Amino acid sequence: QVQLVESGGGLVQAGDSLRLSCTASGRTFSSYAMGWFRQAPGKEREFVASINWASWTYYADSVKGRFTISRDNAKNTVHLQMNSLESEDTAVYYCAARYSSYSGSRSNYYRDSDFGSWGQGIQVTVSS
């Protein structure tokens with residue numbers, strides 16, 4: 001399993017931008033699909049965005065056009081750029097990893113069960 005550490009969370013105002021980062025341990029990061037999920041108070045954890053080893057991306061409808069996921073394999077890092085933040089984006093954001101062994105260049109991963117490794121989570125609070 002890969003170890004994941006999130007960074008970049010905080011308190012911002014509605015309309016602001018924020019970039020989350022997730023750094024992974026290990027030497028095979030480039031073969032992993034990576035994802036971001038979030039959990040708001042009193043709600044189930046939900047999918048936000050994912051990127052596979054071929055940089056094929058997939059987004060939840062609620063963030064499409066506002067959030068961008070990207071990866072930097074040289075730094076074992078995946079980013080989530082969040083623009084035009086809304087109070088509804090307030091949640092704990094989790095980074096997740098799935099070992100994909102360079103298969104499925106256009107595969108979309110969006111279920112909790114698609115991912116085997118998880119970070120501790122980081123708080124994002126958007127004030128209105």
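This is a chat about a sheet and some salt bridges in a predicted model.

Trainee: Where should I start, and in what order do the strands of the open sheet come?

Mentor: Keep in mind that we are looking at a predicted model, and then start with the open sheet, in which 4 strands follow the order β1-β3-β8-β7 with antiparallel pairing.

Trainee: Which ones are the edge strands?

Mentor: The edge strands are β1, covering 4-7, and β7, covering 67-72, and each of them pairs on one side only.

Trainee: And how are neighbouring strands of this sheet turned against each other?

Mentor: On average, and ignoring direction, neighbouring strands in this sheet are turned by 15° against each other.

Trainee: How many bridges are there between β3 and β8?

Mentor: Strand β3, which spans residues 18-24, pairs with strand β8, residues 77-82, over 6 bridges in the antiparallel sense. If you want a place to look within that pairing, find C22, which stands opposite V78 in β8.

Trainee: Changing topic, how many salt bridges does a search of the whole structure find?

Mentor: The search of the whole structure finds 7 salt bridges, and the general idea is that side chains of opposite charge can pair when their charged atoms come close.

Trainee: What about D89, which side chain does it meet?

Mentor: The side chain of D89 meets that of R38 in a salt bridge, with 2.9 Å from N to O. This pair links distant parts of the chain, since D89 is in the loop between β8 and β9 (91-99) while R38 is in strand β4 (residues 32-39), and the two are 51 residues apart.

Trainee: Is D89 buried or exposed?

Mentor: D89 counts as buried because its relative accessibility is 1%, which is under the 20% cut-off. R38 is buried too, with a relative accessible area of 5%.

Trainee: Okay, and what does R66 pair with?

Mentor: The side chains of R66 and E86 meet in a salt bridge at 3.9 Å, N to O. R66 lies in the loop between β6 (57-59) and β7, and E86 lies in the loop between β8 and β9, so the pair ties together parts that are 20 residues apart in sequence. R66 counts as buried at 12% relative accessibility, whereas E86 is partly exposed at 35% relative accessible area.

Trainee: Which residues are linked in a network of salt bridges?

Mentor: The network of salt bridges links R38, E46, R66, E86 and D89.

Trainee: One last thing, what does K64 meet?

Mentor: The side chain of K64 meets that of D61 in a salt bridge with an N to O distance of 3.1 Å, and D61 counts as exposed at 67% relative accessibility.

Note on methods:
Residues are numbered from 1 along each chain as its sequence is written. This is a predicted model: local features need pLDDT of at least 70, side-chain atom pairs count only at pLDDT 80 or more; totals for chains, interfaces and linings use all residues. Side-chain values use heavy atoms; hydrogens and water are left out. Two strands pair if DSSP finds at least two bridges between them. Axes are lines fitted to C-alpha atoms, for helices over the stretch in contact, and angles run from 0 to 180 degrees between N-to-C directions. A salt bridge is a side-chain nitrogen of Lys or Arg within 4 Å of a carboxyl oxygen of Asp or Glu. Buried means under 20% relative accessible area, exposed over 50%, partly exposed in between (1.4 Å probe, protein chains only).
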